[in-house]
Amino acid sequence: MSYVSGFMAAVPIENKDAYRASAEKSWQLFKDYGATGIRECWEADVPDGEVTSLPMAVKRQEGEAVVFSWILWPDKATCDACWASMETDPRWGEMMEMPFDGKRMIFGGFETLFEA
């Protein structure tokens, strides 16, 4: 089954267009390294929680939206090779700056348990 890289971040609402442009540009590189799909999802119904919540996880501040994203890979090895390429492929360095505070981004890799 496929492998997934998942991400969440708090993005200033005023940077929505810049975020989308960055996602579109990075998709070309992810695809070159074997990614089979990507989803970039902008907050629509993300409630605050009392104990835990998506906004709390990324320390969302006023004027920011939660973004939930994932990249699909055929396997973990392909994903790992892509992340390793960031050290050697100069195209990654040509990417525009992240339009959000990367220190509050959360991410991880996931093996697919069920797929339909």
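# A tour of salt bridges, one helix and its cysteines

Counted with a cut-off of 4 Å between a side-chain nitrogen of Lys or Arg and a carboxyl oxygen of Asp or Glu, the salt bridges in this structure come to eight. The model is a predicted one, and the distances given along the way are computed from its atoms.

**First stop: Arg91 and its partners.** Select Arg91 together with Asp32, whose side chains meet in a salt bridge with 2.6 Å from N to O. Arg91 belongs to helix H4 (residues 90-93) and Asp32 to helix H1 (residues 16-32), so this pair ties together parts of the chain that are 59 residues apart in sequence. Now add Asp89 to the selection, and a salt bridge between the side chains of Arg91 and Asp89 comes into view, at 2.8 Å from N to O. Through shared partners, the salt bridges join Asp32, Asp89 and Arg91 into one network. If you colour by accessibility, Asp89 counts as buried, at 10% relative accessibility, whereas Arg91 is partly exposed, with a relative accessible area of 31%.

**Second stop: Arg60 and Glu43.** Select these two residues next, since they form a salt bridge in which the closest N and O atoms are 2.8 Å apart. Arg60 sits in the loop between helix H2 (54-57) and strand S3 (64-73), while Glu43 sits in the loop between strand S2 (37-42) and H2, so that the pair links distant parts of the chain, 17 residues apart. Both partners are partly exposed: Arg60 has a relative accessible area of 23%, and Glu43 has one of 24%.

**Third stop: Glu64.** Move on to Glu64, which lies in strand S3. Is Glu64 buried or exposed? At 11% relative accessibility, Glu64 counts as buried. Show its polar contacts, and you will find the side chain of Arg104 at 2.7 Å from the side chain of Glu64, while the backbone nitrogen of Gln61 lies 2.7 Å from a polar atom of that same Glu64 side chain. Leaving aside neighbours within four places in sequence, the residues in contact with Glu64 include Ala10, Val11, Pro12 and Ile13, as well as Lys59 and the Glu43 of the previous stop.

**Fourth stop: helix H3.** Select residues 76-85, which make up helix H3, and highlight its buried residues, namely Thr78, Cys79, Cys82 and Ser85. Turn the view until you look down the axis of H3: the buried residues fall within an arc of 120°, so they line one face of the helix. To see what covers these buried residues, display strand S1 (3-12), H1, S3 and H4, which are among the covering elements. At the N-terminal end of H3, select Asp75, which caps the helix with a side-chain oxygen 3.3 Å from the backbone nitrogen of Ala77.

**Last stop: the cysteines.** How many disulfides are there? The count comes to zero. Cys41 is in no disulfide, and the nearest cysteine sulfur, which belongs to Cys79, is 18 Å away. Cys79 in turn has its closest cysteine sulfur in Cys82, at 6.9 Å, which is too far for a bond, because a disulfide needs the two sulfur atoms within 2.5 Å. Compare the surroundings of the two residues before you leave: Cys41 is partly exposed, with a relative accessible area of 29%, whereas Cys79 is buried, with a relative accessible area of 2%.

Definitions and conventions: Residues numbered from 1 in each chain as written. Predicted model: local features only at pLDDT ≥ 70, side-chain atom pairs only at ≥ 80, totals over all residues. Heavy atoms only, no water. Helix = DSSP H or I, 4+ residues; strand = E, 2+ residues; numbered from the N terminus. Buried < 20%, exposed > 50% of the residue type's maximum accessible area, 1.4 Å probe, protein only. Arc of directions from axis to C-beta. Contact = heavy atoms within 4.5 Å. Polar contact = N/O pair within 3.5 Å; in protein donor to acceptor, adjacent residues only side chain to side chain.
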